[in-house]
Amino acid sequence: MTAPLDVLIVGAGPTGLALATQLRAYGTGFRIVDRSLDRARESRAPAIQPRTLEMLAGPGVTADLVDRGSTAVRLQLHLRGRLLRVPVFDVGCDDSPYPFLLFLPQSETEAVLTERLAEGDVRVERGTELLSAEPRDALVTCRLRHGDGGEESVRARYVVGCDGAHSTVRAQAGIGFQGYSYPQTFLLADLEVDGLEPGAAHTFMTADGLLFFFPLGTPATWRMIAMHPPGAPAEKVTLTLFQRLADNWTTDGLTLRDPVWMTSFRLHNRGATHYRKGPFFLAGDAAHIHSPAGGQGMNTGIQDALNLGWKLAHVCRGAAPEELLETYEAERAPVGHGVRRLTDRAFTVGTNNHPALRLARNHLAPRFAPLLLRAPGLRARLFRTVSELGIHYRRSPASRTGPHRPAAGPRAGDRLPDQPAGLQRRTSAPGYHLLLTGPAHHWTRAPLTHGLVSVHHLGADSPWPGTAHALVRPDGYVGYAARGTDLTGLWAYLDRWLPGR
Ligand SMILES: Cc1cc2nc3c(=O)[nH]c(=O)nc-3n(C[C@H](O)[C@H](O)[C@H](O)COP(=O)(O)OP(=O)(O)OC[C@H]3O[C@@H](n4cnc5c(N)ncnc54)[C@H](O)[C@@H]3O)c2cc1C
């Protein structure tokens, strides 16, 4: 029998590929399998959020994504003939090197991740399906079926289910998936549109619902999404149907042509009752599914993966205790829950047929949306949430403030901002980063860089005022922060979470 693996990743969608990229960066032993023979060619999720771009910059993926995608800097809201131009991420995202929404088809995002893995000699094993997974003697015995029908038994220390909404890993682990389905049917088409201003995302708000056009780029210029008109009989998905919806719901005389993909789909809002059970972990759609309102689904999955990857890597190499793995659910389940709640609210306001909401869409939105969206404070709050830059783990057991909290600056559990510019790049190498701030002579007996912790002197140009020290985790969140030069609390933190450094 072959030697056991550290990690088996089941599913090579964006979540599984992102996890593989991170495990590769740490040299962890793993395999990644996917039952489909080829990557999905349809675009599905069309947008990447600023926080995902920040987190993928470490493994060197972001530059390729940005090269291939297009950035949308504004949203055009069409409110009953009235046009409102809303700048996207112009406020609330100024501490990020990527203050924009990157439009790139999901198939391209997956292609970039797959290419990066191939450069590291990692092969995604396609046509390989997980049939069963059974924990036995501290290992999980997994039965895989290959494309030729042959079966293989593999033992792994940990199995991560990145295998989508109908997750086999979730079922094998006996983890529930609770929630509900929405009654509406949605229509999606990637196609060309004549008469639509390029370089912006367009939302047409009508009494009956919302109609979207997103600037996709490839394989077609536009992604159109609309709700099937309530009460209308179901009909075949054709270009004629999309043209009729555009004619009914817009006043711009748009001409639709050359569709490359048309489909209809139903939406669900469900979450896993646990993100971890023993040696099993769930990430991405296997752990949470919800409406695409706000473009959060794929992004949340990739960020699940990048929260879990370094933890598995550190535990597998004996540098961190098993307890570190418990923080995955503690940190990511609230994020998944929040995304489900947020997208549910946006979805309900945009689509529900209740007379009050129809009235709001028809009469109140055209009058009050311009006022609300002009308020920078409100826009900043909205963008901070949608961009996922506002995610924090302040309540995590792995977030700790020292005996003296810094007077200002990011707190333990917050994301490290890119302030001063370039700080995120400086701290992007795999491992922890200890940041020391204040005059150099305060740090004459500073700890030396070693093992999994790199030390950086920031001087006065730092997110924290005065003399302070902060430990940044491998995923770019502050694990420990304290004022002054007394490192006793820091050593206690490292002894707990990184004893094998
Ligand atoms: C029509 C549509 C439109 C969407 N629009 C948006 C959007 O606008 N914005 C957004 O953010 N998200 C959107 N999404 C959601 C987004 O596509 C998903 O959130 C994303 O694909 C989740 O990635 P994942 O890697 O977790 O799962 P998936 O992409 O579902 O990948 C799971 C993989 O696991 C494999 N697998 C399953 N079972 C097994 C098994 N037993 N053994 C081996 N392999 C297995 C599958 O073959 C698959 O490749 C949309 C989805 C759809 C369907």
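# Ligand shell, D304 and cysteines

The shell around the ligand is made up of 10 nonpolar, 12 polar and six charged residues. The model is predicted. Beyond the ligand site, this briefing covers D304, which lies in helix α7, and the cysteines C142 and C162, in a structure that holds zero disulfides.

**Ligand site**

- There are 28 residues around the ligand, and those that come nearest are T15, D34, R44, Q106 and D285.
- The side chain of D34 places an N or O atom 2.6 Å from an oxygen atom of the ligand.
- For R44, an N or O atom of the side chain is 2.7 Å from an oxygen atom of the ligand.
- L130 approaches through its backbone: an N or O atom there lies 2.9 Å from a nitrogen atom of the ligand.
- The protein buries 86% of the 990 Å² that the ligand exposes when taken alone.
- Two or more residues of the shell come from each of the elements α1 (14-26), β9 (129-136) and α7.

**D304 in helix α7**

- Helix α7 spans residues 297-316 and includes D304; this helix is also one of the elements giving two or more residues to the shell around the ligand.
- D304 counts as buried because its relative accessibility is 0%, and the cut-off for buried is under 20%.
- The side chain of D304 is joined to the side chain of H288 by a polar contact of 2.7 Å.
- When neighbours within four places in sequence are left aside, D304 is in contact with A283, G284, H288, Y328 and R332.
- H288 therefore appears both in that set of contacts and as the side-chain partner in the polar contact with D304.

**Cysteines**

- Zero disulfides are present in the structure.
- The cysteine sulfur closest to that of C142 is in C162, and at 13 Å it is too far for a bond, because a disulfide needs sulfur atoms within 2.5 Å.
- From the side of C162, the closest cysteine sulfur is that of C142, again 13 Å away and so too far for a bond.
- C142 has a relative accessibility of 1% and so counts as buried.
- C162 is also buried, since its relative accessible area is 7%, where buried means under 20%.

Methods: Residues numbered from 1 in each chain as written. Predicted model: local features only at pLDDT ≥ 70, side-chain atom pairs only at ≥ 80, totals over all residues. Heavy atoms only, no water. Helix = DSSP H or I, 4+ residues; strand = E, 2+ residues; numbered from the N terminus. Buried < 20%, exposed > 50% of the residue type's maximum accessible area, 1.4 Å probe, protein only. Polar contact = N/O pair within 3.5 Å; in protein donor to acceptor, adjacent residues only side chain to side chain. Contact = heavy atoms within 4.5 Å. Near = heavy atom within 4 Å. Areas by Shrake-Rupley, 256 points an atom, 1.4 Å probe, with all protein chains shown as cover. Nonpolar A, V, L, I, M, F, W, Y, C, P; charged D, E, K, R; others polar.
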